[in-house]
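Here is a quick briefing to read alongside the structure. Take a moment to look the picture over, and then follow the topics below one by one.

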Amino acid sequence: MSEASDQAPTDLIGRDRELHEWERLLRTERLVTVSGPGGVGKTALVTELAHRIRTGPWQTVARADLVRLDDPQLLTYRLAGALLGGGLPGRPHVGALADALGDTRALLVVDTCEHLADACTDVLTELVRSCPGLHVLAAGRTPMAGPASCPLRPLALDNAIRMFEASVRQWGVAEVPDTDDVQHICGFLDGLPLAVRIAAGQLTRHSPQEVLSLVSRAETLLDLTGPGLPARQRTLRDSLLRTHQLCTGDERLLWARCSVFPGAFGLPDAAEVCADERLPADALATAFHGLVRHALVQPQERGATTYRMPWSTRAHGRQWLDRLGEEREFLRRCLAWTLREA
């Protein structure tokens with residue numbers, strides 16, 4: 001399928017490179033993990049990838065979505081149900097599942113692993129070690145330890161525009177806005193496919209200028225709804241709240257405080273503006289690395305030491321900062337930092 005083709009599924013626009021690289025990797029590695037922020041398109045890509053390699057030498061192709069699984073002790077039970085059909089009685093340990101699977105040639109796709117990342121890492125690593133015919137593709141918002149870890153970044157602006165235009169046609173809008181309007185709208189969305197799809201859906205009842213106004217304001221952006229999306233991603237607020245729940249208390253506090261940065265900043269800048277007795281420097285550094293891990297702050301480019309917080313993530317953090325009663329203080333601190341940097 002050509003990346004330039006208008007017939008490409010909307011969710012896969014701009015993702016040919018990742019799909020080719022991960023397909024090659026999954027044929028050679030037996031545990032491949034995909035991570036990225038909520039709404040970046042992990043589920044669509046791992047589903048397509050599993051479809052592409054179904055023609056491999058598999059006796060079993062199985063899928064387990066862990067979105068409603070809260071108890072890590074039930075993880076092997078859920079995986080057994082996916083891999084073995086009827087599963088195993090009781091709460092089987094990983095060794096029992098490995099014995100039952102044996103050397104069966106199987107492909108297992110595990111989605112929505114983030115809230116069980118540690119348990120998934122332990123169980124899946126043990127399974128591929130014990131079962132020589134098993135290949136696993138696992139996806140979640142939080143990176144998991146493994147030999148083949150693949151971060152998924154948001155789309156570049158040109159591909160975000162293509163996705164927006166394709167989504168407009170998908171929602172049945174008669175006329176696609178002109179390129180300048182689309183570029184301005186997509187400029188606020190940081191290449192996040194979920195945000196692009198939600199914004200495109202607004203054109204069923206708003207003009208392009210009204211959509212631009214909606215996505216440029218924090219108080220409206222987070223609560224725009226996207227038709228046909230899962231409940232956990234019906235709005236950007238729903239998606240961000242799920243990530244919020246994965247964060248530690250220090251990470252949530254730093255997320256809120258870092259929302260005052262309008263552009264690029266690094267760990268030293270975050271320490272200068274955001275540290276206090278409630279969030280001392282050592283705790284702040286740990287929390288900062290947590291925000292990077294959750295893709296709540298993203299490097300300016302690969303390997304960079306400066307980061308930026310996407311607009312929707314900033315909007316959520318700013319509202320949280322206001323609820324904490326700290327917005328005025330940390331805006332003042334950020335202004336003082338900006339003047340010193342000028």
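**Gly14 and the start of the chain**

Gly14 counts as buried, because its relative accessibility is 12% and the limit for buried is under 20%. Keep in mind that you're looking at a predicted model. Gly14 sits in the segment before H1. From there we'll move to a helix, a pocket, a cavity, the nonpolar cores and the cysteines.

- Gly14 and Ala156 are 142 residues apart along the chain, yet their C-alpha atoms are separated by 8.1 Å.

**Helix H2 and what covers it**

- Helix H2 runs over residues 42-52, and Glu48 is part of it.
- Is Glu48 buried or exposed? It counts as buried, because its relative accessibility is 18% and buried means under 20%.
- Which residues does Glu48 touch, once you leave aside its neighbours within four places in sequence? The answer is Leu12 and Leu19.
- Glu48 has company: the buried residues of H2 are Lys42, Ala44, Leu45, Val46, Glu48, Leu49 and Ala50.
- The cover over those buried H2 residues includes helix H1 (16-28), along with strands E1 (31-35), E3 (106-111) and E4 (134-140).

**The second largest pocket**

- H2 turns up again here: it gives two or more residues to the lining of the second largest pocket, as do strand E2 (60-65) and helix H8 (193-201).
- This pocket has a volume of about 390 Å³.
- Its lining is made of 24 residues, and Gly41, Lys42, Thr43, Ala44 and Gln233 are the ones nearest its centre.
- Sort that lining by class and you get seven nonpolar, six polar and eleven charged residues.

**The cavity**

- How many cavities of 30 Å³ or more does the structure hold? There is one.
- The largest cavity has a volume of about 170 Å³.
- Around it are 18 lining residues, with Pro37, Gly38, Leu192, Leu240 and Thr313 nearest its centre.
- Two elements give two or more residues to this lining, namely helix H11 (236-246) and helix H15 (311-324).
- H11 gives the most, with four residues.
- By class, the lining of the largest cavity comes out as nine nonpolar, seven polar and two charged residues.

**The nonpolar cores**

- The largest nonpolar core has 80 residues, and Phe164 and Leu254 touch the most other members.
- Follow Leu254 past its neighbours within four places in sequence and you'll find contacts with Cys274, Leu279, Leu284, Ala287, Phe288 and Leu291.
- There's also a second, separate core of 30 residues, and its members include Ala62, Ala64, Cys113 and Val123.

**The cysteines**

- How many disulfides does a search of the whole structure find? The count is zero.
- Take Cys274, which we just met as a contact of Leu254. Why is there no bond to Cys258, which has the closest cysteine sulfur? The two sulfurs are 4.1 Å apart, so they are too far for a bond, given that a disulfide needs them within 2.5 Å.
- Cys274 is buried, because its relative accessible area is 0%.
- Cys120 tells a similar story: its closest cysteine sulfur is in Cys113, 4.0 Å away, so that pair is too far for a bond as well.
- Cys120 counts as buried too, because its relative accessible area is 1%.

Conventions. Residues are numbered from 1 along each chain as its sequence is written. This is a predicted model: local features need pLDDT of at least 70, side-chain atom pairs count only at pLDDT 80 or more; totals for chains, interfaces and linings use all residues. Side-chain values use heavy atoms; hydrogens and water are left out. Buried means under 20% relative accessible area, exposed over 50%, partly exposed in between (1.4 Å probe, protein chains only). Contact means heavy atoms within 4.5 Å. On a 1 Å grid over the protein atoms alone, a cavity is a set of points where a 1.4 Å probe fits but cannot get out, and a pocket is an open set with protein on both sides within 12 Å along at least five of seven lines; lining residues have an atom within 4 Å of a point. Grid points are joined across faces, edges and corners, and a volume is the space filled by probe spheres set on the points. Ala, Val, Leu, Ile, Met, Phe, Trp, Tyr, Cys and Pro count as nonpolar, Asp, Glu, Lys and Arg as charged, and the others, Gly among them, as polar. A nonpolar core is a set of buried Ala, Val, Leu, Ile, Met, Phe, Trp, Tyr and Cys residues joined through side-chain atoms within 4.5 Å.
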